Amino acid sequence: MTEEKTTTEVKPITYPARPHNGGPLDKAFKKSGGWCWEPKVNGWRTLIHVPTGTMFNRHGGKLSIAHEYTEAIKELQQAHSHIEWLDCEALGRRHDINRGALMILDAVLPGTFRERKEVLVKADEKYDSHKCYLIELGEGNGYANNRWKFLQEENKRLGCDYYEGLVAKQEDSLYPIQLASPKKEFSFWVKHRWAY
């Protein structure tokens, strides 16, 4: 008699939201009203099931380097136990900075991007993490133009491509839950990279 499985393996609820390609910022149309900006860090995109610590890659498979983020996952579970799914960037494979750390990009929750960010900020303020970071957030074309130049200079100072550009997100956008294709782009998020 074979033993039946009593647990169900976790499967991803969605593919991580994929920003639309907007080209280099200095050649793109200016965005007016309702856009937030984040640095685009150079890591491995991962969707994380917080209760189990299961990490998925952007194609929906198990993240092959998940074992390198054990400490970060523990911190994530302590700080964000109220959230089931987090959209993150796993750092430390493409450069040595923040090796084994997770950069939290978003939460797969109801509500607008602005509302989801507020939930993450409140949790982040209560917990002193060493391996999990909430991505910086800015607003307006002035912020974007300044950060575009600053982050390129920061890469030179760091001696690696830690930053790849900026991502613009409409503040009233809902997190897109879809399992149709990992290549499907989300038009309410736009990435601007300097390396093409």
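## Exercises: a sheet, its helices and its rings

Helix H2 (residues 113-126) lies across strands E2 (35-41), E8, E9 (163-170) and E10, at about 60 degrees to E2. Axes are lines fitted to C-alpha atoms, for helices over the stretch in contact (heavy atoms within 4.5 Å). Angles run from 0 to 180 degrees between N-to-C directions. Helices (H or I, at least four residues) and strands (E, at least two) are DSSP runs, numbered from the N terminus. The model is predicted: local features need pLDDT of at least 70, side-chain atom pairs 80 or more, while totals for chains, interfaces and linings use all residues. Residues count from 1 along each chain as written, and side-chain values use heavy atoms, without hydrogens or water.

**Exercise 1.** Find which strands stand at the edges of the sheet.

*Solution.*
- Write the order: E1-E10-E9-E2-E8, an open sheet with mixed pairing. Pairing takes at least two DSSP bridges.
- E1 (18-21) and E8 (138-139) each have a single partner strand, so one side of each lacks a neighbour in the sheet.
- E1 pairs with E10 (residues 185-193) in the parallel sense, over 4 bridges.

**Exercise 2.** Classify the ring pair Trp148 and Trp194.

*Solution.*
- Rings pair with centres within 6.5 Å (Trp: six-membered ring); planes under 30 degrees apart are stacked, over 60 edge-to-face, the rest tilted.
- The search gives 6 aromatic pairs.
- Here the centres are 5.0 Å apart and the planes at 70 degrees, so the pair is edge-to-face.
- Trp148 lies in H3 and Trp194 in the segment after E10, so the pair ties parts 46 residues apart in sequence.
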